[in-house]
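Grab a pencil and work through these exercises with the model open beside you. Try each task yourself before you read the solution.

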4 protein chains.
Amino acid sequence: MNFCSDNVSGIHPRILDALIAGNDGDVMPYGADPHTRRAEARFREVFEREVAVAMMATGTASNALALGLVASPISAIFCRSGAHLQDNEAGASVMYTNGARIIGIDARNGLIDPGDLDRALANFEPTRMLCKPAVVSVTQASEFGTVYSHQHLGEISAICRRHGLRMHMDGARFANALAHLECQPAEMSWRAGIDVLSFGATKNGAMAAEAVLVFDPTLAEGLRARLKRGGLMFSKHRFLGIQFNAYLANGLWLDLARTANARAAELADGLARAGTEFLYPVEANELFVRLPENTLSSLEAQGFQFYRRGAGVIRLVAGWNTKPADVASFVDSACKAV
Amino acid sequence: MNFCSDNVSGIHPRILDALIAGNDGDVMPYGADPHTRRAEARFREVFEREVAVAMMATGTASNALALGLVASPISAIFCRSGAHLQDNEAGASVMYTNGARIIGIDARNGLIDPGDLDRALANFEPTRMLCKPAVVSVTQASEFGTVYSHQHLGEISAICRRHGLRMHMDGARFANALAHLECQPAEMSWRAGIDVLSFGATKNGAMAAEAVLVFDPTLAEGLRARLKRGGLMFSKHRFLGIQFNAYLANGLWLDLARTANARAAELADGLARAGTEFLYPVEANELFVRLPENTLSSLEAQGFQFYRRGAGVIRLVAGWNTKPADVASFVDSACKAV
Amino acid sequence: MNFCSDNVSGIHPRILDALIAGNDGDVMPYGADPHTRRAEARFREVFEREVAVAMMATGTASNALALGLVASPISAIFCRSGAHLQDNEAGASVMYTNGARIIGIDARNGLIDPGDLDRALANFEPTRMLCKPAVVSVTQASEFGTVYSHQHLGEISAICRRHGLRMHMDGARFANALAHLECQPAEMSWRAGIDVLSFGATKNGAMAAEAVLVFDPTLAEGLRARLKRGGLMFSKHRFLGIQFNAYLANGLWLDLARTANARAAELADGLARAGTEFLYPVEANELFVRLPENTLSSLEAQGFQFYRRGAGVIRLVAGWNTKPADVASFVDSACKAV
Amino acid sequence: MNFCSDNVSGIHPRILDALIAGNDGDVMPYGADPHTRRAEARFREVFEREVAVAMMATGTASNALALGLVASPISAIFCRSGAHLQDNEAGASVMYTNGARIIGIDARNGLIDPGDLDRALANFEPTRMLCKPAVVSVTQASEFGTVYSHQHLGEISAICRRHGLRMHMDGARFANALAHLECQPAEMSWRAGIDVLSFGATKNGAMAAEAVLVFDPTLAEGLRARLKRGGLMFSKHRFLGIQFNAYLANGLWLDLARTANARAAELADGLARAGTEFLYPVEANELFVRLPENTLSSLEAQGFQFYRRGAGVIRLVAGWNTKPADVASFVDSACKAV
């Protein structure tokens, strides 16, 4: 039973079926196919507006490409200190922005505090630093499984507008956050001030499908050239379009996210009953909990898989395919092992 | 009937079946899965040696990443003038080498002439140009459907060694060239002096699967970091491993390439009988032919698809899935329309 | 007697005197000194308008920095094929634009022909090339000692505007061209459609002083950060300001350019009388002439220095300090040696 | 009386005289002149070994270029947290390394603690961070006016060798550190394990003269191309050579550094007598002291210039030209104003 990450899972059957069905016949490459057009149309429907879309295989690429649209070598990008794009993407955003400076802000529960951001921007001296704040990147849901509320996003957005900054959302787990907030995609993105969104599907049931959604058309110029230049553009592009079509059709993506969130909530409930310490509120599909070392060893010995995050702390992630029985089994074993 | 490119095709059934079969269950991400390990082992078998492998979705990325291992911002890369990496990849190789200079050499039949290369290198003035020749990139099969012979590769390799240059092969159609030469992969790559190979599977039956194969281990340091930095590393990495496993198993890849080459040869035979002018020898799966404008219009009107390449010239590409009947139909229509 | 280049000369006495005079006392660094402010004011006077100025030591840097303001990694820069910025600056413009593509247009007498440019732009396929024409760079005076007339610049400017391109001038020898055209600096720059100018003083009497002049204020954002980022910003910035002050004061710069041009004209007259073949019209301070090999050897043996440019062709450059007697001596020796 | 920085000063008379003397006559450009050759010879003498030298105008460029020789886009550079190259050079080192990651280590008195460095390297996870520690950069004298002792450098060097890292020294104030340690240049550089040195002369009496000294010849390949590519190479290169010749001749550079250090020591003595709090030991030519706000205002009102560094803290820098009387006057005023 693998709780390491939501990317240990495979492809959801409906997406796989769509890949099989869409495989027949010849279609034009590089996005000039009906699947891609349909996926673009779906994005317009789902987000209730025109939107420029670039599809690719990885979340690292989508963050880097998105930031490359809003940041230059003399820009500063603000994010949570230790955000995925700062610490876990091998400098992809530095590469795709040709050297933008990434400035981390200490966060609370994985979320940027508006007051902290405002202070950081107010205290920032472009003349001394010789770079100019250009964009704030928020991760929704955060790397710690927490979710920005509407009000929270609104406050950050207001700060961005006041300081003349763009706003980017790393939505590798956009669906999980949306399922938690129970709102419309538009509300959690462009209506909340997001200019560019990295929209993930891979963790939530796709094979390898991430999209950059550009809500401000003035930012989208050169999007296609940048996609190609990064080596990100599929020649058999239909297979990206097909994944997104199936993912977005009939609310599959939200069903899967709700399922993953529900499993995480069950894990949290079970562990809470045993008095487990939680490092952050459990709002999406990730938990960070502290357990005694002998409990952890015992769980590992029983074949449960999870990542350790420092002494006694582990991360547990529920995916779209996590089974209730596995959750029950983990909780049971954890309680017994304490 | 689409003769535009070999990337208009879908996934070969055996590769698709492998994706379906490998989809079950959870596996660790980022390459720590058994499918990836098996694919790496297969590459060792197929190439009869140790080899560092990086797998990704696109050929543009594999060329750029490969060249990034052997060229720096003050390097010159020599290739055929107008090679895919120079003209059709949006500067990806410039991006991944951080600014290497790409110098095109006029080619004959799409192939670099050893004499021309030797002269270009002998006449190159690093002091005046302020960059240093670092690597020669050959495309095998070439963008014009021609194939470097062993002797040809050997002569270029000898020149590279004499001038202290590395040798890269853009093998987007490696299989088609191999099928033409009827030799072992090792012979056409590292035994022929290739240091880094971009090994393509996408055009020849995979969905999106390209690999950088590094034969000189001193060049492979940082390969993984560069892969991640470019945003190229799949999180659900198994789906790259699975494609390569199925592609390389039981000689599928060679069967598919032989099929495509055979279809191209049938096209060539048929058109030759009608007295068609060929711009290049037909050795792999591409043809460039000159036909009267009214023939071309008539073919297009009948639904045949192909790319035009200047006045009266078209490119025809046969894929792994091109049907003999379609070839016959094209030849028939072309002959009638003349 | 050295006719290799105008950069073999030293500093003009009036500029040197200014450096000596301005050396006394402490002033604030990084441009916050009165000399720099005065130089900026002089640029405004000389060019009859507001202008953002960045001062630095080298012409390569000024071209690269200027192009970095108007071109991005997905831009194409058009220039004369073999222009200094394309062939002789070690890829600085690629570095400072983070990878813009430099596209050379075959030139006539070192000058871009408007018709050729228009055709190149009309035939350019951004979709296929995956980069977008962003700027045309003209070198005034050209590397071959020829000068764009007002009408010529106007035609190129009209083409730029029609295609939505910016216009850059490499003015390493701006003064020599201006002296030839006998017009106002504004006429030959922003009134002629130039958005960004690399304004050289080094070759024409300064020690090391080049400026980027940005006429469109929307392009100047981040100019200072880019200057620092390139490692180009002097800490003791006064010494750049002082050079430009003395250079621009009382028309010194034009006097020096007129002198150099006059010496070149004398060289041309003398050599013409001897029936020498000229490769280009002599309009500024450079000559390209064909002479018999034994003449060249003889001249070299007598201690005349010049650069050879292929079989029998040499370049002769007159500087602000070239003496009439040296010119006479060269002409005399050349005529005798024939 | 300006204590803001050592770059508020002008050129030392002997260096200025040398510029005047060297100005006569024509010499070949781009370093092919006798002054440059003589300066290179002097570097060999002063450092008692062969050394590859690149000369340029700014310290930012010399740091960035030097690091570009030892770090790649997938490298990590370790320095003091907040070091000049990290915070004050507009990302030049990121630009010239094409994206190396700069990792700051909290320092004690402006100096990297060997234990901290060792722990940082031991705890560094290249696999997780996806970059590889490549170089440690030490600033000698540090930005806080402190100096690494021989033993201190030796300990850091040992750590570098143990971890396979290169060692860079930002020697913008190399002379001031050397004057403090009273040792040979070789001892404080390559014999102490430094592979690449940024050797500054500007702050200590030159106009604009900084050099990258490469002690390991395998690192020097492409040095000249990189210099040109950055736009750093003077065409009238003699004026860099002349500055270094005069600077290094007859121990001028050490005399000037001793003078500046002596003035700083006098400032320190005087302020210490008045009970002033020092933030760091005064070892070179900089002081950081805490003074009451009304004292600071009073000093400013009297025309003393210095930089404030947070509440009540100021930096005072003595230069080669700081007069004892000015020091006495400052101390006097500071004591009276308290």
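**Exercise 1. Find where N250(A) sits in chain A, and say what is unusual about its phi angle.**

Step 1: Look at the loop between helix 11 (238–248) and helix 12 (252–273) of chain A; that's where N250(A) lies. Keep in mind that this is a predicted model.

Step 2: Now check the backbone. The phi of N250(A) is positive, about 55 degrees, although this residue is not a glycine.

**Exercise 2. Which residues does the cis peptide bond join in chain C, and where is A141(C)? Then do the chain D version.**

Step 1: In chain C, the cis bond links Q140(C) to A141(C), with omega at about -10 degrees.

Step 2: Place A141(C) on the chain: you'll find it in the loop between strand 4 (132–139) and helix 8 (150–163) of chain C.

Step 3: Over in chain D, Q140(D) and A141(D) are joined by a cis peptide bond, and omega is about -10 degrees. A141(D) belongs to the loop between strand 4 (132–139) and helix 8 (150–163) of chain D.

**Exercise 3. Describe how helix 1 and helix 11 of chain B pack.**

Step 1: Start with the geometry. Helix 1 (residues 13–22) and helix 11 (residues 238–248) of chain B have axes 9 Å apart and pack at an angle of about 140 degrees.

Step 2: Name the arrangement. Only angles over 145 degrees count as roughly antiparallel, so helix 1 and helix 11 of chain B are oblique to each other. Their crossing is right-handed.

Step 3: List who touches whom. Helix 1 of chain B brings R14(B), I15(B), A18(B), L19(B) and G22(B), while helix 11 of chain B brings R238(B), F239(B), I242(B), Q243(B), A246(B) and Y247(B).

Step 4: Sort them by class: seven nonpolar, two polar and two charged residues make this contact.

**Exercise 4. Do the same for helix 13 and helix 14 of chain D.**

Step 1: The axes of helix 13 (residues 293–301) and helix 14 (residues 324–337) of chain D come within 9 Å, crossing at roughly 135 degrees.

Step 2: That angle makes helix 13 and helix 14 of chain D oblique to each other, and the crossing is right-handed.

Step 3: From helix 13 of chain D, the contact uses N294(D), T295(D), S298(D) and L299(D); from helix 14 of chain D, it uses F330(D), S333(D), A334(D) and A337(D).

Step 4: Here the classes come out as four nonpolar, four polar and no charged.

**Exercise 5. What turn and shift lay chain A on chain B, and how much area do the two chains bury between them?**

Step 1: Turn chain A by 180 degrees, with a shift of 0.0 Å along the axis, and it can be laid on chain B with an RMSD of 0.0 Å. That's the relation of a two-fold axis.

Step 2: Compare the contact surfaces. The same surface serves both copies, since 100% of the contact residues of chain A recur in chain B.

Step 3: Size it up. Chain A and chain B each give 50 residues to the contact. Together they bury about 4100 Å², with 58% of it on carbon and sulfur atoms.

Step 4: Pick out the top contributors in chain A: M95(A), R229(A) and K236(A) supply 18% of the area that chain A buries against chain B, more than any other three residues.

Notes:
Residues are numbered from 1 along each chain as its sequence is written. Chains are lettered from A and ligands numbered from 1 in the order in which they are written. This is a predicted model: local features need pLDDT of at least 70, side-chain atom pairs count only at pLDDT 80 or more; totals for chains, interfaces and linings use all residues. Side-chain values use heavy atoms; hydrogens and water are left out. Axes are lines fitted to C-alpha atoms, for helices over the stretch in contact, and angles run from 0 to 180 degrees between N-to-C directions. Helices (H or I, at least four residues) and strands (E, at least two) are DSSP runs, numbered from the N terminus. Angles under 35 degrees count as roughly parallel, over 145 as roughly antiparallel, 65 to 115 as roughly perpendicular and the rest as oblique. A crossing is left-handed if the near helix is turned anticlockwise from the far one by less than a right angle, and right-handed if clockwise. Contact means heavy atoms within 4.5 Å. Ala, Val, Leu, Ile, Met, Phe, Trp, Tyr, Cys and Pro count as nonpolar, Asp, Glu, Lys and Arg as charged, and the others, Gly among them, as polar. Copies are superposed by least squares on the C-alpha atoms of residues with pLDDT of at least 70 in both. Buried area is the accessible area (1.4 Å probe) that two parts lose on being put together, summed over both.
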